[in-house]
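Student: I'd like a close look at a single part of this model, with its surroundings built up around it. Please choose a part that ties several others together, and take me through it step by step.

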Amino acid sequence: MRPVLAYLLLAACAAADAAAEVRLSASSTAPHVGDSFTVSVAVAGAPAFATWNQFLRFDPARLRLTAMAGGGTGTFVPDSRGLTAINASGELRAGGYLIGSAVSGDRGLGVFTFQARAAGATTLA
């Protein structure tokens, strides 16, 4: 069986603070058609924060979002649209918040499960 992704390019927007870095990591960078894999979103070296937003764009012809979950920091707020609408648009919006004190440093923000739909390389940004 041919791998879906020869490579999965993971791109992240830089955080407002030059020292902070947003990171995407995939559990597999070469899944086969039908395979599921997760993409974790994290921030490293972040100054104090209590809320956050996440925006991921993907090719819906090659990937299908199947689940969204928190990354271990605060309360996760998934995209309010259903999976059908998210997968039709190829865009996902999520976020989260903390009640009480802000946090800083290295933090997991979200975990997103995708299924590979077609063979070929694609970008998730």
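Tutor: Strands in what follows are DSSP runs of E, at least two residues long and numbered from the N terminus, and two strands pair if DSSP finds at least two bridges between them. With that in hand, let's look at strand 8, residues 103-116. Please keep in mind that this is a predicted model.

First, the setting. The protein has nine strands and one helix, and along the sequence they follow the pattern β-β-β-β-β-β-α-β-β-β. Strand 8 belongs to an open sheet of four strands with the order 2-3-8-5, in which the pairing is antiparallel. The edges of this sheet are strand 2 (21-26) and strand 5 (63-70); each has a single partner strand, so one side of each is left without a neighbour in the sheet. Direction ignored, neighbouring strands here are turned by 25 degrees against each other on average. In that order, strand 8 sits between strand 3 and strand 5, and we can take these two partners in turn.

On one side is strand 3, residues 36-49, which runs antiparallel to strand 8 and is joined to it by ten bridges. Two of the partnerships are worth finding on your screen. Phe-37 has Phe-114 of strand 8 as its bridge partner, while Ala-42 is matched with Gly-108. Notice how the numbers fall on one strand as they rise on the other: Phe-37 goes with Phe-114 and Ala-42 with Gly-108, in keeping with the antiparallel run of the two strands.

On the other side, strand 5 pairs with strand 8 in the antiparallel sense over seven bridges. Here Met-68 stands opposite Phe-112 of strand 8.

Now pick out Val-111, which lies in strand 8. Is Val-111 buried, exposed or in between? The cut-offs are under 20% relative accessible area for buried and over 50% for exposed; at 24%, Val-111 therefore counts as partly exposed. Leaving aside neighbours within four places in sequence, Val-111 is in contact with Thr-38, Val-39, Ser-40, Ala-67, Met-68, Ala-69, Gly-70 and Gly-71. Thr-38, Val-39 and Ser-40 in that list fall in the range of strand 3, residues 36-49, and Ala-67, Met-68, Ala-69 and Gly-70 fall in the range of strand 5, residues 63-70. Gly-71 is 40 residues from Val-111 in sequence, yet their C-alpha atoms are 5.6 Å apart in space.

Strand 8 also has a link to a second sheet, through Gln-54. This residue has its place in strand 4, residues 51-57, and with a relative accessibility of 6% it counts as buried. The side chain of Gln-54 reaches the backbone oxygen of Leu-109 at 3.3 Å. Beyond residues up to four places away in sequence, Gln-54 touches several residues, including Leu-109, Gly-110 and Phe-112, along with Val-41, Phe-76 and Ala-94.

What order do the strands of that second sheet take? It is an open sheet of three strands, 4-7-6, with antiparallel pairing. Strand 4 and strand 6 (75-77) stand at its edges with a single partner strand each, so one side of each has no neighbour in the sheet. The average turn between neighbouring strands in this sheet is 20 degrees, direction ignored. Strand 6 is joined to strand 7 (residues 91-97) by three bridges, the two running antiparallel, and Phe-76 has Gly-96 of strand 7 as its bridge partner. Phe-76 is also one of the residues that Gln-54 touches.

Back at strand 8, look at Ala-116. Its C-alpha atom is separated by 6.6 Å from that of His-32, 84 residues away along the chain. His-32 is found in the loop between strand 2 and strand 3 and is partly exposed, with a relative accessible area of 25%.

These long reaches along the sequence fit the wider picture: among contacts in the protein with a separation of 6 or more, 71% come from residues 24 or more positions apart.

Finally, a word on confidence. The protein averages a pLDDT of 86, and 86% of the residues score at least 70. Over residues 1-17, however, the pLDDT is below 50, although this stretch has 51 contacts in the model beyond near neighbours in sequence.

Notes
Residues numbered from 1 in each chain as written. Predicted model: local features only at pLDDT ≥ 70, side-chain atom pairs only at ≥ 80, totals over all residues. Heavy atoms only, no water. Axes fitted to C-alpha atoms, helices over the stretch in contact; angles between N-to-C directions. pLDDT = per-residue confidence, 0-100. Contact = heavy atoms within 4.5 Å. Buried < 20%, exposed > 50% of the residue type's maximum accessible area, 1.4 Å probe, protein only. Polar contact = N/O pair within 3.5 Å; in protein donor to acceptor, adjacent residues only side chain to side chain.
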